[in-house]
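Hello,

Here is the model I promised to pass on to you. Have a look at it first, and then read on for what I found in it.

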Amino acid sequence: MVPFAIAGLAAFVIAGVIVALADGPDSWLDTCIAGFLVGIPGLITMIIHDRNRRRRRALTHATFKEN
């Protein structure tokens with residue numbers, strides 16, 4: 001899930017730069033900034049979730065090795 005969060009953050013940054021360079025409405029730029037700032041806690045949550053999921057899977061699923 002982390003790549004999706006990073007892609008979303010990047011999309012808001014790119015959109016914000018385009019709006020700023022095109023001298024778009026301030027409300028659009030505010031929306032891009034807000035989307036980026038709200039996405040940061042989402043990214044952190046996904047990183048923690050993935051780390052915990054990896055730990056849980058290591059405890060419940062056996063690892064198979066080829067001889």
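Let me begin at the link: aspartate 23 lies in the loop between H1 and H2. One point to bear in mind throughout is that this is a predicted model. The backbone of aspartate 23 caught my eye, since its phi is near 55°, a positive value in a residue other than glycine. This residue comes just after H1. Is aspartate 23 buried or exposed? With a relative accessibility of 69%, aspartate 23 counts as exposed, because the cut-off for that class is over 50%.

Now to the helix before the loop. H1 runs over residues 2-21, which makes 20 residues. At 1.5 Å a residue, H1 should span 28 Å, and the C-alpha atoms at its ends are 29 Å apart, so the two values agree.

Which residues of H1 are buried? They are Val2, Ala5, Leu9, Gly16 and Val19. Around the axis these residues cover an arc of only 130°, which means that they sit on the same side of H1. Helix H2 (26-60) is included in what covers them. Turn to the other side of H1 and you will find Pro3, Phe4, Ile14, Ile18 and Leu21 exposed.

Leu21 also appears in a surface feature: together with Val13 and Val17 it forms a nonpolar patch. The accessible area of the three together is about 290 Å². Of these, valine 17 has its place in helix H1, and at 44% relative accessibility it counts as partly exposed.

Next, the helix after the loop. H2 has 35 residues. From its first C-alpha to its last, H2 reaches 51 Å, close to the 51 Å expected at 1.5 Å a residue. The buried residues in H2 are Cys32, Gly35, Leu43 and Asp50, and H1 is part of what covers them. Cover is therefore found in both directions, as contact is defined by heavy atoms within 4.5 Å: H2 helps to cover the buried residues of H1, and H1 helps to cover those of H2.

Alanine 34 is another residue in helix H2. At 37% relative accessibility, alanine 34 counts as partly exposed. Alanine 34 and glycine 24 are 10 residues apart in sequence, and their C-alpha atoms are 16 Å apart in space.

How many salt bridges does the structure hold? There is one, and in it the side chains of arginine 53 and aspartate 50 meet at 3.1 Å, N to O. Arginine 53 and aspartate 50 are three residues apart in helix H2, so about one helical turn separates them. The two partners also differ in how much of them can be reached: arginine 53 is partly exposed, with a relative accessible area of 39%, whereas aspartate 50 is buried, with a value of 10%.

Aspartate 50 is worth a second look in your viewer. Leaving aside residues up to four places away in sequence, aspartate 50 touches Met1 and Val2. Val2, in turn, is among the buried residues of H1. So in aspartate 50 you have a residue of helix H2 that counts as buried at 10% relative accessibility, meets arginine 53 in a salt bridge and touches Val2.

Best wishes

Key
Residues numbered from 1 in each chain as written. Predicted model: local features only at pLDDT ≥ 70, side-chain atom pairs only at ≥ 80, totals over all residues. Heavy atoms only, no water. Helix = DSSP H or I, 4+ residues; strand = E, 2+ residues; numbered from the N terminus. Expected span 1.5 Å × (residues − 1). Buried < 20%, exposed > 50% of the residue type's maximum accessible area, 1.4 Å probe, protein only. Arc of directions from axis to C-beta. Salt bridge = Lys/Arg side-chain N within 4 Å of Asp/Glu carboxyl O. Patch = residues over 30% accessible without salt bridge, like charges linked within 9 Å, V, L, I, M, F, W, Y side chains within 5 Å. Areas by Shrake-Rupley, 256 points an atom, 1.4 Å probe, with all protein chains shown as cover.
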